[in-house]
Structures are given as structure tokens and as C-alpha cells.
Amino acid sequence: MSDRDTEFVAYFASRADAMRGTAYLLCGDWHRAEDLTQAAFVKLYLAWRRISRHDALDAYTRRILVHTFISDGRRGWFRREQAVDALPEPPPTGPAAPEDRQLLLAALAGLPPRQRAVLVLRYWEDLSVEETARLLRCTTGTVKSQAARGLQTLRGRLVSRESESRTHG
């Protein structure tokens, strides 16, 4: 195995799970997240020799992942998939109640891809407005407006689902 391959394998081993988690937040499906992550790392591997700044690999890999997610959405293949109320796999445990997490993931999955990408990068990956704009290759104003619209839509969906559960519960 060449030094190039050894470095890539080490980077993949250390960052694949984190990138898969980000991909899941973008698409809302673990199987698709795996496919997106795999596609992103294939693209990264193909560019590996041209990458001179290995200190910026996470940002570059994240950019590839987000662009792969957005371009897949444009192709329309996943648009034929039907959303379901219950996820087929249990979500990872976290500090929030599982029901809250499922509601949030369902609401997040209903957002347009760019809004979803902005929200995941800003609030899950904790990137600044400027870093998010650079990664998505758009202006900071676009990031701010997409974040505001996405949050507004999420709030509206979560409030309506909460009021539905109160009337039916």
C-alpha cells in the first residue's frame, strides 16, 4: 500500500462515522447516508493527490458530502421514495426524548435540500455563517435567509405536530 493510500485509509477510519452522521441529518435515511458518505469518500480519494492542505480535510470532505447530497436531490431518484411516520431503525440515543428526536428528524426531512444543508451545517456541525457560505459556495446573506426560513418551517411543523398529538392523545 502506498503512503497515499495509508494516509487516506487512516483519515477514512477516523472520520467516516462523523461524516455518516452528518449525511444522515441531511437525508434522514441511514442507508442513503451510507451511500452519500461512500460517494463523498470516493470523490475525496480521487482528489487525494491534489490536496495540499490536509489540515482542512474535514471542511473539504464536508463540502463534497453536501454537494453530493444536493446533486442527488436534483437528479430526483430519491424523490420517488415515500416518507413514513416511523423510522425503520431506532435512532441513536441522546439527551432528548426519542419521540422528540423523531419529530425533529421528520420535520428536518421535509425541508428543501439547501435549507436542510444550511441547518445541519450551522447547528449540527456548528459552522459559522461564513464557513457555511464558503462550503455551499453562496453568500452569507443566502445562508442567513435559508437558515431563517428553515427554522421558521421547522417551528411551524413541530408546533402543528405537537398540537395534533395533544388533540389525539
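Reader: Which residue follows helix 1, and what is the sign of its phi?

Author: Helix 1 is followed by Gly 28, whose phi is positive, near 80°. A helix here is a DSSP run of H or I with at least four residues, a strand is a run of E with at least two, and numbering starts from the N terminus. This is a predicted model, in which local features need pLDDT of at least 70 and side-chain atom pairs count only at pLDDT 80 or more, while totals for chains, interfaces and linings use all residues. Residues are numbered from 1 along each chain as its sequence is written, and side-chain values use heavy atoms, with hydrogens and water left out.

Reader: Which residues other than glycine have a positive phi?

Author: Most residues other than glycine have a negative phi, and most peptide bonds are trans. Two exceptions can be named here: Asp 126, with phi near 60°, and Arg 137, with phi of about 55°. Asp 126 sits in the loop between helix 5 and helix 6, and Arg 137 in the loop between helix 6 and helix 7 (140-168).

Reader: Are Asp 126 and Arg 137 buried or exposed?

Author: The classes rest on relative accessible area: buried is under 20%, exposed is over 50%, and partly exposed is in between (1.4 Å probe, protein chains only). Asp 126 has 64% relative accessibility and therefore counts as exposed. Arg 137, at 60%, is exposed too. The C-alpha atom of Arg 137 is 9.9 Å from that of His 67, although the two residues are 70 apart along the chain.

Reader: What is the overall make-up of the chain?

Author: The protein chain has seven helices and zero strands, which gives the order α-α-α-α-α-α-α from the N terminus on. Of its 169 residues, 36% count as buried. For contacts, the criterion is heavy atoms within 4.5 Å. Among contacts between residues at least 6 apart in sequence, 65% join residues at least 24 apart.

Reader: How does one check the length of helix 1?

Author: The expected span is 1.5 Å times one less than the number of residues. Helix 1 has 25 residues and should therefore span 36 Å; its end C-alpha atoms are 34 Å apart, which agrees. Helix 1 also bends, by about 50° at Arg 15. The bend at a residue is the angle between axes fitted to the seven residues ending there and the seven starting there.

Reader: What lies before helix 1, and what does Met 1 touch?

Author: Met 1 is in the segment before helix 1 (3-27). Its relative accessible area is 76%, so Met 1 is exposed. Apart from neighbours within four places in sequence, Met 1 is in contact with Thr 6 and Val 9.

Reader: Where is Tyr 45, and which residues does it contact?

Author: Tyr 45 belongs to helix 2 (residues 30-47). With a relative accessible area of 27%, Tyr 45 is partly exposed. Leaving aside residues within four places in sequence, Tyr 45 contacts Arg 4, Asp 5 and Phe 8. Tyr 45 and Arg 4 are 41 residues apart in sequence, and their C-alpha atoms are 9.3 Å apart.

Reader: At what angle do helix 1 and helix 5 pack?

Author: Axes are lines fitted to C-alpha atoms, for helices over the stretch in contact, and angles run from 0 to 180 degrees between N-to-C directions. Helix 1 and helix 5 pack at about 140°, with axes 9 Å apart. That makes helix 1 oblique to helix 5 (under 35 degrees is roughly parallel, over 145 roughly antiparallel, 65 to 115 roughly perpendicular, and the rest oblique). The contact is made by Thr 22, Leu 25, Leu 26 and Cys 27 of helix 1 with Arg 116, Ala 117, Val 120 and Trp 124 of helix 5.

Reader: What is the handedness of the crossing of helix 1 and helix 5?

Author: A crossing is left-handed if the near helix is turned anticlockwise from the far one by less than a right angle, and right-handed if clockwise. The crossing of helix 1 and helix 5 is right-handed.

Reader: How do helix 5 and helix 6 pack?

Author: Helix 5 (residues 113-124) and helix 6 pack at about 135°, with their axes 10 Å apart. The two are therefore oblique to each other, and their crossing is right-handed. Arg 114, Ala 117, Val 118, Leu 121 and Arg 122 in helix 5 meet Val 129, Thr 132, Leu 135 and Leu 136 in helix 6.

Reader: Is Thr 132 buried or exposed?

Author: Thr 132, in helix 6 (residues 129-136), has a relative accessible area of 0% and is therefore buried. Not counting residues up to four places away in sequence, Thr 132 touches Val 118, Leu 121, Arg 122, Leu 127 and Val 143.
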